[in-house]
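Visitor: I am new to this structure and would be grateful for a close look at a single part of it. May I ask about one residue once the model is shown?

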Amino acid sequence: MTYASRFLLAALLLPLSLSGCDWFDKKKPPLVGERVPVFSDRKELEPDKEAGAIQVTLPAPAANESWPESGGYPNYAMQHLAIGDSPQVLWTADVGAGSGSSRILTAPPVVAEGKVFAKDAQSTVSAFDANTGGKIWSVTLKPEKARDTDEFGGGVAYYGGRLFVTTGFANVFCLDPNDGNVIWNSTVSAPIRGAPLVIADRVFAVSIDNKLHAMAAVDGSDLWNFSGLQEIAGYVGGNSPSGFQDVIVAPFSSGELVELRAENGRTVWNESLVGPRRESRAFGNLADIRGRPVIDRGLVLAMGSAGTLAAIDLRSGQRVWERNIGGSQTPWVAGRFLFVVTSAADVAAVERDTGKVKWVTPLTQYADEKRRNPIQWVGPVLASDRLLVGGSTGELLALSPYTGEVIGKLAIGSPMRLAPVVANRTIYILADTGRLIALR
């Protein structure tokens with residue numbers, strides 16, 4: 001196990017109880033957070049002076065009925081979603097095994113057909129009624145002779161009336177979403193830590209040996225695979241490719257970002273998101289692209305852990321702009337702006353077409369004064385004029401997308417290491433304990 005793996009797994013040992021929740025609203029006073037730098041000589045992220053006159057404008061919030069892939073739609077460009085003004089806890093449910101000393105929840109739930117589908121940390125997949133939280137079915141996909149410590153990772157995706165599941169046992173499953181029955185099962189070269197992408201009648205998944213596997217959605221037959229550069233260190237969790245029309249954009253732990261033809265795996269372009277210097281935070285020296293690449297109106301928007309946030313032309317692979325900003329979270333695009341959570345615990349608004357930083361909000365970096373317990377912030381998700389950012393502290397923050405001001409918080413009581421999911425005006429949170437929480 002790499003140092004980064006031990007670091008992240010050790011960080012899971014936090015209180016794991018669901019507490020009472022008081023939902024935030026935009027009228028409450030801002031949450032006060034202390035900024036604690038890792039090193040005194042580290043350059044802080046600051047807004048660009050020329051961006052001061054730029055006004056943040058967003059598309060109107062729109063309700064989405066489903067969240068079929070790990071990051072929403074296959075291109076992960078979810079824009080501005082709609083939720084209620086004052087959501088309350090609607091229901092909670094237990095998906096099974098949560099994160100522990102030898103395993104971790106690596107992928108969020110997906111929502112489709114009025115159901116929420118989630119995978120626990122030991123290869124049990126469950127379906128819940130999206131309105132009531134009632135469990136509809138549950139199936140365990142662990143091989144009979146496998147040890148519990150052998151498995152973690154993987155995730156779920158919904159496509160064409162079927163549910164697709166990847167596991168840490170190097171398996172890809174296709175399930176009937178109505179009862180959980182296995183339709184087909186395929187084996188790949190190595191364990192899969194991230195969720196699959198399903199688009200254009202094909203299933204795509206990245207295994208830990210840095211191979212992108214393409215399978216036929218109808219029967220799981222192998223179509224092609226692409227091998228990225230080898231990398232000995234990476235995050236505990238996995239990553240997922242994104243897709244749009246006839247192309248796939250795949251991130252790898254080597255820092256490679258590769259666009260390929262969905263039909264045959266032919267490389268369109270290959271880029272690297274390893275910046276000129278790596279972030280000075282404990283796990284920031286990894287090259288891994290942990291966040292999903294976002295495809296939006298001809299641009300690929302991606303952020304690498306090693307310190308590069310870039311906009312790349314989808315067809316040519318040419319860089320439109322790049323910034324020395326690193327992180328492990330998926331950028332969120334809405335209209336003219338991109339919102340990111342960095343590895344230095346900053347939340348920033350970046351102009352999509354130029355890369356200019358409009359505002360920066362620093363969040364608390366450590367849970368203790370001795371700086372031994374770094375806080376992991378996940379997100380953001382834009383919903384009804386609020387940027388939702390979850391934390392390993394068990395709090396869900398709401399920031400103004402227009403100014404970056406922290407306008408409220410919600411106490412979940414359990415660490416969050418997966419960004420929230422939004423569908424049908426409902427927020428779904430899969431906490432580290434394996435608890436699924438719905439707010440509407």
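Does Arg297 count as buried or exposed, and what is its relative accessibility?

Guide: Please bear in mind that this is a predicted model. Arg297 counts as exposed, because its relative accessibility is 53% and the cut-off for this class is over 50%. Its partner in a salt bridge is Asp296, with N and O 2.7 Å apart. Asp296, by contrast, is buried, since its relative accessible area is 4% and buried means under 20%. The pairing follows a general principle: side chains of opposite charge can pair when their charged atoms come close. Asp296 and Arg297 also belong to a network of salt bridges that includes Arg352 and Asp353.

This network may be set beside other pairs in the chain, where the count of salt bridges comes to 12. One of them joins Arg319 to Glu271, with the closest N and O atoms 2.8 Å apart. That pair links distant parts of the chain, for Arg319 lies in strand S21 (residues 319–323) and Glu271 in strand S17 (residues 267–272), 48 residues apart. Arg319 is partly exposed, at a relative accessible area of 27%. Another salt bridge is formed by the side chains of Lys115 and Glu113, at 3.5 Å from N to O. Here Lys115 is buried, at 13%, whereas Glu113 is partly exposed, at 40%.

As for the setting, the chain has 440 residues, of which 62% count as buried. Its secondary structure consists of one helix and 32 strands.

Conventions: Residues are numbered from 1 along each chain as its sequence is written. This is a predicted model: local features need pLDDT of at least 70, side-chain atom pairs count only at pLDDT 80 or more; totals for chains, interfaces and linings use all residues. Side-chain values use heavy atoms; hydrogens and water are left out. Helices (H or I, at least four residues) and strands (E, at least two) are DSSP runs, numbered from the N terminus. Buried means under 20% relative accessible area, exposed over 50%, partly exposed in between (1.4 Å probe, protein chains only). A salt bridge is a side-chain nitrogen of Lys or Arg within 4 Å of a carboxyl oxygen of Asp or Glu.
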